[in-house]
Amino acid sequence: MDTATQAPPIAAPTPLFVEKRFPLRLSPNITGIRDLYQTGKVNRWDPQRDIPWADLDAERYDPAVRLAARWTWSRRLWIEAMGLKETPSLLVRFCVEDQRESDPKFFLTVRGTEEAWHVDCFDRIAGRFGGRMDRPVTSAYEALFNRSLHRRALNAERSLDAYVVTHCAFEDGLELELFRAYRRNAGDPVIAAVLDRCIADKERHASFGWLYAEERAPGWSDEERRTITGELMDHMRTVELAGYHCPWLSNAAGTEAAADMVCATTGLGAATAEGEAAVLRGYLAAARKKLRSLGIELPEFQHTLLGTA
């Protein structure tokens, strides 16, 4: 059989909730999250208007640096673009699961818009340096980006609280700390301006996850805590320690990891492997304390390049 002509496999149907529109609940429940929504509206920005793109002079960098910048900012784009599917799916889940609070629904509408602005900016940066890279170099690393978070968010058989803790609190919190590290190495003023905007947004994104976890934690059963712990551990082992955010942790992302090193040392908004390792260790220690206050015990992890974290 000619396998080149075969259609890709179709995933099993995702079980969904049946919407119960009434009674419509829109009153504020979680003040901190409603405040994040209000702040996001007040601080809205426009990538085209608010970033001085004409000042980003890629031609002053040599060809090797320009190529590295294309890889680094393309990889950021690949990661951020996941939100274009994930956030609307998470919003739908909050809207159709009965008894869920209104505040996350309002907040997620703003988060999705901010993620679109980030995608716009990262694509513009890659374009300035010669154009966006279509995909990772290796198929093994590419597979890491096909996470299907939109299906997990919508899946009625999976815990929404576990999803929020894992991806909106823990993962978004890690991403925030990594972006702060990128900003410390951003000598180019245009890239620094982009990262400043993104960090302000990502602070709200991570705060949402932790605030929601704190609100829900008193009602969790022991079984729900075990589910959350299991999802966190799986995320760390199969996503973070596989090199999703930090490509030097993967043996299939040599080009992407080398590009980050170049960008880190030329002021183009990246971090060295040593810098990211310090961020990972520091963040895991802080996250464990937060999770412990919620009744979640996250164990230590081992990686040949990171050590114990």
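## A partly exposed aspartate

At 36% relative accessibility, D98 counts as partly exposed; that label covers everything between buried (under 20% relative accessible area) and exposed (over 50%), using a 1.4 Å probe and protein chains only. This is a predicted model, so local features need pLDDT of at least 70 and side-chain atom pairs count only at pLDDT 80 or more, while totals for chains, interfaces and linings use all residues. Residues are numbered from 1 along each chain as its sequence is written, and side-chain values use heavy atoms, with hydrogens and water left out.

What does D98 pair with? Its side chain meets that of R25 in a salt bridge, 3.9 Å from N to O. D98 sits in the loop between α4 (83-96) and α5, and R25 in the segment before α1, so this pair ties together parts 73 residues apart in sequence. Helices here are DSSP runs of H or I with at least four residues, strands are E runs of at least two, and both are numbered from the N terminus. R25 is partly exposed too, with a relative accessible area of 37%.

## More salt bridges

How many salt bridges does a search of the whole structure find? The count is 28, where a salt bridge is a side-chain nitrogen of Lys or Arg within 4 Å of a carboxyl oxygen of Asp or Glu. Take R75 and D260, whose side chains meet at 2.7 Å, N to O. R75 belongs to helix α3 (residues 63-81) and D260 to helix α11 (residues 254-265), so the bridge ties together parts that are 185 residues apart in sequence. Both R75 and D260 are buried.

Then there's D161 with R216, at 3.0 Å from N to O. With D161 in helix α8 (residues 160-184) and R216 in helix α9 (residues 189-216), the pair ties together parts 55 residues apart in sequence. D161 counts as buried at 7% relative accessibility, whereas R216 is partly exposed at 24%. These two also belong to a wider group: R93, E97, R100, E101, D161 and R216 are linked in a network of salt bridges.

## Aromatic pairs

On to the rings. The whole structure gives 14 aromatic pairs. To count, ring centres of Phe, Tyr or Trp (its six-membered ring) must lie within 6.5 Å; planes under 30 degrees apart are stacked, over 60 edge-to-face, and the rest tilted. One of the pairs is Y37 with F106, which is tilted, with 5.3 Å centre to centre and 55° between the planes. Y37 lies in helix α1 (residues 31-42) and F106 in helix α5 (residues 103-128), so this pair ties together parts 69 residues apart in sequence. Y37 is buried at 14% relative accessible area, while F106 counts as partly exposed at 26%.

W71, W78, Y141, F145 and Y244 form one aromatic cluster. Y244 also has a charge to deal with: the charged end of R147 sits over its ring, 4.6 Å from the centre. That means CZ of Arg (or NZ of Lys) is within 6 Å of the ring centre and within 35 degrees of the ring normal. R76 does this with Y182, its charged end being 3.7 Å from the ring centre.

## Before α1

F22, L24 and L26 form a nonpolar surface patch with about 370 Å² of accessible area together. Patches take residues with over 30% relative accessible area and no salt bridge, joining like charges within 9 Å and nonpolar side chains (Val, Leu, Ile, Met, Phe, Trp, Tyr) within 5 Å. Areas come from the Shrake-Rupley method with a 1.4 Å probe, and for residues only the protein chains shown count as cover. L26 lies in the segment before α1 and is partly exposed at 46%.

P23 is found in that segment as well, and a cis peptide bond joins F22 and P23, with omega at about 0°.

## Backbone and a buried histidine

Most residues other than glycine have a negative phi, and most peptide bonds are trans. Q99, in the loop between α4 and α5, has a positive phi near 75°. S148 has one near 55°; this serine lies in the loop between α6 (139-145) and α7 (149-154) and is partly exposed at 32%.

Is H235 buried or exposed? It is buried, at 3% relative accessible area, and is found in helix α10 (residues 222-240). The H235 side chain makes a 2.8 Å polar contact with the side chain of E240. A polar contact is a pair of N or O atoms within 3.5 Å; within protein, one must be able to donate a hydrogen and the other to accept it, and residues adjacent in sequence count only if both atoms are side-chain atoms.
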